[in-house]
Amino acid sequence: MEDFNGVIDGYRWNSYKDLLKPAFGNGCIADIPGQILANFGISTGQETKNHRSLMEGKHDHFIFLLLDGFGFSTIKYSLKKHSMKHLNNFADNSGVKLITSVFPSTTSTATVSYHTNMHPVEHRIVGYTSYIPEAGTVCNMISLTPLGQKEHCLLDNGYEMPWIEHHGTIYNKLQENDVDSVFYLPYAIRNSGLTRITGNGAKISPYYSVSQMLTSLRRDLSSAKGRTFHFCYIPTIDTISHKIGPYTQDTALEIESIFMLLEEQLIKASDLPEDTFISISADHGHTVPEEGQKIDLSVDRKLKSFLNTPVVGDPRASVLRVKDGMIETTMDYLTEKYEKYFIPVLSKQMLAEGFFGTPKSVNGDTSFLGDIILISRNSTSIFDSSLKLIDPGNQANTLIGMHGGLSCDEMLVPFFAREIS
């Protein structure tokens, strides 16, 4: 691993030294899909003079594992507190780098970047929830459904994302260059709204367990006739981190079990084709807000009088849409009342400073960013309990592990890469 403090210093946000910026083009998860395409000789046009290469060479068969919630802080805890033989074995035989997530550091935003090679400002999905004017309500941006209406996908009711469709996925580009792609994901989300967008161009291979997924992966590799790419999404580390906590034996054992299965069923396999390469990374890490630091903005009547919609986004990076002419008043009020809990920043300022992508990728409508973004300090989380009126089952404020913000725990993720045959 590179010098930890040196890497962190390179990622710091100048305005707030304890927070990090996404390192687009210089060590960010958004760089990975472009380098996967480059592995197969496909130019993306996104290379910059300071681009940090995450992998070297070109390989005929490329496996990428996205471990949801596999943050560097969780790894540090697991290695310190528990025996992690299989994780250590994999790391010892791999190239390892420390890179940043995107902003917000959340699954919906990160996974769309992974599958499309687009920065958040290009694909416009910037949070777990978002207000969609066409639907007239707050929507879940993973299922692409209005809150409380899981059976009504926006894609089936006239909502379109032409900016993503016209750009295409990495699988579309691979297909055009005679590379076959397979996207492995849990059976329960095989037809989700986001899957329907991000899986375009790939063969969708749903699975019931990680061991079954690896069996399918080996079968697909051993029968490959030409060059292949395999994208494997595993959500279990994130699920356990949310419900039980990222710094627990439960999460550590889940990580270790994944690397044990990788070692036994893939690394030691004798039937893989020559020149098979594997890389592993994450979408974000986790932090644990303190109980007394959970701020329900729906009870602040004065603040609500400034807003057009409920508070959306993520518990650690919330988005406000403000009434006309009220932005300056709202910023002053937020700064005065909530200074110790979160930092209010104008969305346009964060856009200009490159938090959502590099300047050349900024184009078109940016209203999806809202007007003000609240970035949590320390161990604070933000929520709007009024959303329970439209989604009674919403339990976002009861989660233990949370993410979306710019802390080191949320933003730093590992990147592993190695040849396995």
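Select Leu67 first, and then look across to strand β10, where Ile234 stands opposite Leu67. Strands here, like helices, are runs assigned by DSSP and numbered from the N terminus, a helix being H or I over at least four residues and a strand being E over at least two. The model is predicted, so local features need pLDDT of at least 70 and side-chain atom pairs count only at pLDDT 80 or more, while totals for chains, interfaces and linings use all residues. Residues are numbered from 1 along each chain as its sequence is written, and side-chain values use heavy atoms, with hydrogens and water left out.

**The sheet around Leu67**

Now select the whole of strand β3 (residues 61–67) together with strand β10 (residues 228–234), which run parallel and are joined by seven bridges. Two strands pair if DSSP finds at least two bridges between them. Widen the selection to the open sheet, in which seven strands follow the order β4-β18-β11-β3-β10-β8-β9 with mixed pairing. Its edge strands are β4 (95–100) and β9 (203–207), each of which pairs on one side only. From one strand to the next, the twist averages 20°.

Add helix α10 (residues 210–222), which packs on the sheet and touches β3, β8 (180–186), β9 and β10; contact here means heavy atoms within 4.5 Å. The direction of α10 makes about 180° with that of β10, where axes are lines fitted to C-alpha atoms, for helices over the stretch in contact, and angles run from 0 to 180 degrees between N-to-C directions.

**The start of the chain**

Which residues of helix α1 (residues 4–11) are buried? They are Val7, Ile8 and Tyr11, where buried means under 20% relative accessible area, exposed means over 50%, and partly exposed lies in between (1.4 Å probe, protein chains only). These residues are on the same side of α1 because they cover an arc of only 100° around the axis, the arc being that of the directions from the helix axis to the C-beta atoms. Turn the view to the face away from this buried side, and you will find the exposed residues Asn5 and Gly10. The buried residues of α1 pack against β1 (12–13), β2 (16–20), β4, α16 (408–411) and β18 (412–419).

Continue to β1 and β2, which run antiparallel and are joined by two bridges. A hairpin of two residues connects β1 to β2, and Trp13 stands opposite Tyr16 in β2.

**Aromatic rings**

Next, show the rings of Phe, Tyr and Trp (its six-membered ring), which pair if their centres lie within 6.5 Å; planes under 30 degrees apart count as stacked, over 60 as edge-to-face and the rest as tilted. The structure holds 22 aromatic pairs. One of them is the tilted pair of Phe103 and Phe356, at 5.6 Å centre to centre and with 50° between the planes. This pair links distant parts of the chain, 253 residues apart: Phe103 is in the loop between β4 and α5 (107–116), and Phe356 is in the loop between α15 (347–352) and β16 (372–376). Phe103 counts as buried, with a relative accessible area of 1%, and Phe356 is also buried, with a value of 1%.

For a wider group, select Phe62, Phe64, Tyr114, Tyr171, Phe183, Phe229, Phe231 and Phe277, which ring pairs link into a cluster.

**Backbone details**

Return to Phe103 and look at the bond to Pro104, a cis peptide bond with omega of about -10°. Most residues other than glycine have a negative phi, and most peptide bonds are trans. Select Arg124, in the loop between α6 (120–123) and β5 (129–132), where phi is positive, near 70°, in a residue other than glycine. Asp178 also has a positive phi, of about 60°, although it is not a glycine; Asp178 lies in the loop between α8 (170–176) and β8 and is exposed, with a relative accessible area of 66%.

**A histidine and the cysteines**

Select His86 in helix α4 (residues 85–92), which counts as buried at 11% relative accessibility. Leaving aside residues up to four places away in sequence, His86 touches Glu256, Phe259, Met260 and Glu263.

How many disulfides are there, if a disulfide is a pair of cysteine sulfur atoms within 2.5 Å? The count comes to zero. Cys153 is in no disulfide, and the nearest cysteine sulfur, that of Cys139, is 9.6 Å away. Cys153 counts as buried at 8% relative accessibility, and Cys232 counts as buried at 0%.

Methods. A disulfide is a pair of cysteine sulfur atoms within 2.5 Å.
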